[in-house]
Amino acid sequence: MTNNKFLISKVHISNFRGYREKSFDLFSDKESKDLKNGIILISGPNGFGKTTLLDAIEWCLTGTVRRLENEFLIRRETSKSLQSGLIKNSSSTRGDIVTVKVEAYFNGKNIELIRTFSESTERLGFNPSGTDFKFIIGDKEYGGSTIDDLFSVELNREVQVSKYLYDRHICTFDKNLKLYNNSREDFYKSFSLFFGGTEEIESILNNLEGFEEKQGRTKTVTTGLVEELNNKIISERKFLESLSQTLKQEKDNYGELKKNIAESSNLDLELKRNWGKLIFSGEKSADHYYFSEDDIAQNYTLCKGQRERFEHLQKVLLAQSVKKYIVPEMDRCIANEDLSNFRKSIIEPFEANQNLIELIQNKDLKQYKEKKLSLDSEIYKVEQSKQFNSESQIFFVQIQMKYELEQRLIDLLSELNRKLSQKEQYNSQIKEFETNEQTTKALRALVDHISGFEQIRHSGQEKCPLCGSIEFFGEQGTELATEAKRLLGTVDNARSTLVNALTAIEVDIIKHYTEFKNAVLTVLTNLRTDVAAVINSFSELELFSLELNKYGLTYNELTIEKIHEVENKLLLRIEEQLPIESNEFSANEINSVYKFFPNKTKETYWEMYDQLNNSQKVEIFKDFIELCRLYTEDFLKTNQLLVPISDISMDVVASKLDTLRKVENELKNDELLKEAEKKVKELEAKYQTLNNELIVREKKLNKLKKLQRELKEIRNKWDKRVVEQINEPMQRIFKRLSRHTNIESLNLFSEGITTQKTNVTVTVDGGKEMYVPNVLSAGQLSMVSLSMFLTVAMGQKKNPFRCYFLDDPIQSMDDLNVLSFVDLLRVEQNEKDQFFDQLFITTCNEDLEKLIAHKMKTFNVNLCHLHFDGYGECRNI
């Protein structure tokens, strides 16, 4: 037995789908690894992990599980929660790694293929780039993406196993049912392995025609060279047609331009007229540019430059003309505005405030403010004065002399002066009785204050204000005072009489002083009110005073006659305005000139000129005059004039401008004619070049299409010959599987001359051919599917990977069909040139399990029998 077979010996699974941790040892009874070929029977009830074992092997070798991937792509689930369980075991935790390791024997060497997955988004596990893959040959480790990399290293050539493993190495009942939906192109793809020998042709045709690649619902289309070149030719043909139309239009424009120039060229007479006095430094006459033999473009540029200078000058002159109109108009508006302002600021306030004006006429505000300050001070002093004495006597005499108080107040003041004099006399007499003897002083105090003590006692006070005694401050106090008076004697009675008289006169002074002070306060307050009224009037008329100053008026001379005199002078000033000598301009015309100026800000005012008052008009007139001045100055800075600007005639400038424009237009036409002619020639050259390139591409396209047809014819002739070779093994296999049926034969044939289409039909009783999906029952379809699968497998005998997987293949088959199927496998395995090295068969059917075990053991066929008693719990039988 040769050692270049790929034989799987062990499978180790960790965290993959239903398996948390499990290892499978195939042909454990065979010591030599090259004896591990044969049939691997995996049996047990549904849901025990048989199919998951096959999925693990497919995932490890290819990086995906096609049936699971297709179902996921159809559902299009994006939520991580809905992806849970696609790859990872349901009990795995965050950070657990999915690992599948396949131990094998190939080319005389021990092989290990290991694939791991650690991402949290499980759909990424269906893509080889989303997983980690490595393989070990002997003791050397290699990186890669699929089993194809192993064969590339060992065989030094490309072997595509991963791409076709699901289609060519796996047979399931679900795939069999899809045969109903197969088209003729699908049948061709199913048998594509047999149509080998034309890989180069297929590659070339794919490049020429393009191709599609599908993954679930996702389809990737690659455009072929023929379509790409054809689309480019169509696009270029449309562009060429558009270019042809453009060329025709340019030729028509060129002809029309020549015709117009010939008709309008009539400058000779106009250029013979005298150019006139030069205005600018460096100025040339128009005929200089017209008849110059210099380059037309240069003459055109110089003529254009001079024309622009004259246009600028024309704008300056126009602005100056508008300014001449504006100045008297502005003066008239100012006079009207002054009259209006005089009436609003003088006449109307005078009539409204005549009483206030009369109040302040011939009065000095400064004096009145000083007078008010003096009154404020005097009123304060009166209010603060608590008793009438010599100081207050002098103060009130000054008040009397300053303000000429009425006679009643003068009499009161005289009476107060008399009483004050008498009071001073009493004090002098009492002073003669003064002594330093303390007892006498105390006795005198009791006598002098008898009436006072009475008043204090009757007010409810219990203690003596002198000694603080309660005991002696009752009725005894009066007795004590009487005794004190007796002890002092007759001499002191005179002193006591003087004290009583002094007390009485003091009370009288207080009474009269209070009356006098209140009367004086009333007089002073009234005076202050009058003074304040004058000051307030000055304040209220402060703005009016400022307006009076503008017109040389003062309050003292202000009368209605004086006011009318000033008003008449303003009216006379309006009537004396000079008539406008220059042309009148409308607001729109002035605005059009105003737009010449840079930094303009009042365009909207000119647009609403009729709605402006005199003040607003004066404002925009002044703005125009200032901008005109700046505009003129800027022009004179950049242009040297040979004559004063005031001596330049607008008509002369307009005449020169007209001639320059005509010459410029003539020169421009000559230049345009040259450019138009050049453009036509360029378009003609471009059209010719593109047309030649298009002809070359069309020839290339025709050659490619011819090559495409020839290659298809060669391929299809080859396919027809191969179909004849395929039919024989497929007929033989089908007949061995189907021993009692009305179907006489199963036929495969190629259709079309240039297309890849293969049809599968059956011949029923009577020799009538029918399309397979139209007539077969589910059981018959299973036999046809198995026949096609086994035929495809037989076509891969030279493939280094000859492991096949039948997942519950006998559904809908009767017992005789099943027996025929098992016998076919037994016979094929005993053939020297058998088509498989390992055949994995899963089944939940106990009869099939026993039949395969019995047949294989009876005929000494290598059999590894794994029976599942629970999920992942299996035993070798």
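Buried, on this tour, means under 20% relative accessible area, and exposed means over 50%, with partly exposed in between. Keep that in mind as you click through this predicted model.

**Getting your bearings**

Start with the whole chain in cartoon view. The protein chain holds 30 helices and 17 strands. Of its 877 residues, 42% count as buried. Contacts between distant parts of the sequence feature strongly here: among contacts in the protein chain with a separation of 6 or more, 72% join residues 24 or more positions apart.

**Stop 1: W59 and its partner**

Select W59 and F16, and show their side chains. W59 has a relative accessible area of 0%, which is under 20%, so W59 is buried. F16 is also at 0% relative accessibility and therefore counts as buried. The rings of F16 and W59 form a tilted aromatic pair, 5.5 Å centre to centre with 35° between the planes. F16 belongs to strand β1 and W59 to helix α1 (residues 50–62), so this pair ties together parts that are 43 residues apart in sequence.

**Stop 2: more aromatic rings**

Colour Phe, Tyr and Trp if you like: the count comes to 34 aromatic pairs. One of them is F6 with F106, whose ring centres are 6.1 Å apart and whose planes meet at 50°, so the pair is tilted. F6 sits in the segment before β1 (7–16), while F106 is in strand β4 (residues 98–106), so the pair links parts 100 residues apart in sequence. Both F6 and F106 are buried.

Now jump along the chain and select Y594, F597, W606, Y609, F621, F624 and Y631. These residues form one aromatic cluster.

**Stop 3: charges over rings**

Which ring does the charged end of K602 sit over? Select Y605: the charged end of K602 is over that ring, 5.2 Å from its centre. While K602 is on screen, add E619, which is found in helix α25 (residues 614–638). E619 and K602 are 17 residues apart in sequence, and their C-alpha atoms are 9.7 Å apart in space. E619 has 39% relative accessibility, so E619 counts as partly exposed.

For another example of a charge over a ring, select R309 and F280. The charged end of R309 lies over the ring of F280, at 4.4 Å from the ring centre.

**Stop 4: two helices that cross**

Select residues 650–737 for helix α26 and 815–830 for helix α29. Their axes come within 8 Å and cross at roughly 130°. That angle makes α26 oblique to α29. To see the contact itself, show R732, I733, R736 and L737 on α26, which meet N817, S820, F821, D823, L824, V827 and E828 on α29. Sorted by class, this contact of α26 with α29 has 5 nonpolar, 2 polar and 4 charged residues.

**Stop 5: a long reach along the chain**

Next select L229, in helix α9 (residues 225–264), together with R697. L229 and R697 are 468 residues apart along the chain, yet their C-alpha atoms are separated by 7.7 Å. Setting aside neighbours within four places in sequence, L229 is in contact with R697, K700, L701 and L704. L229 has a relative accessible area of 17%, so L229 is buried.

**Stop 6: loop residues**

Is T146 buried or exposed? Select T146 in the loop between β7 (140–144) and α4 (147–155). T146 is at 8% relative accessibility and therefore counts as buried. Apart from residues up to four places away in sequence, T146 touches L61, T62, R115, F133 and S162.

Move on to N107, in the loop between β4 and β5 (109–117). N107 is not a glycine, but has a positive phi of about 55°. With a relative accessible area of 27%, N107 is partly exposed.

Finish at E404, in the loop between α15 (390–403) and α16 (407–431). E404 also has a positive phi, about 50°, although E404 is not a glycine. E404 is at 69% relative accessibility, so E404 counts as exposed.

Methods
Residues are numbered from 1 along each chain as its sequence is written. This is a predicted model: local features need pLDDT of at least 70, side-chain atom pairs count only at pLDDT 80 or more; totals for chains, interfaces and linings use all residues. Side-chain values use heavy atoms; hydrogens and water are left out. Rings of Phe, Tyr and Trp (its six-membered ring) pair if their centres lie within 6.5 Å; planes under 30 degrees apart count as stacked, over 60 as edge-to-face and the rest as tilted. Helices (H or I, at least four residues) and strands (E, at least two) are DSSP runs, numbered from the N terminus. Buried means under 20% relative accessible area, exposed over 50%, partly exposed in between (1.4 Å probe, protein chains only). A charge sits over a ring if NZ of Lys or CZ of Arg is within 6 Å of the ring centre and within 35 degrees of the ring normal. Axes are lines fitted to C-alpha atoms, for helices over the stretch in contact, and angles run from 0 to 180 degrees between N-to-C directions. Angles under 35 degrees count as roughly parallel, over 145 as roughly antiparallel, 65 to 115 as roughly perpendicular and the rest as oblique. Contact means heavy atoms within 4.5 Å. Ala, Val, Leu, Ile, Met, Phe, Trp, Tyr, Cys and Pro count as nonpolar, Asp, Glu, Lys and Arg as charged, and the others, Gly among them, as polar.
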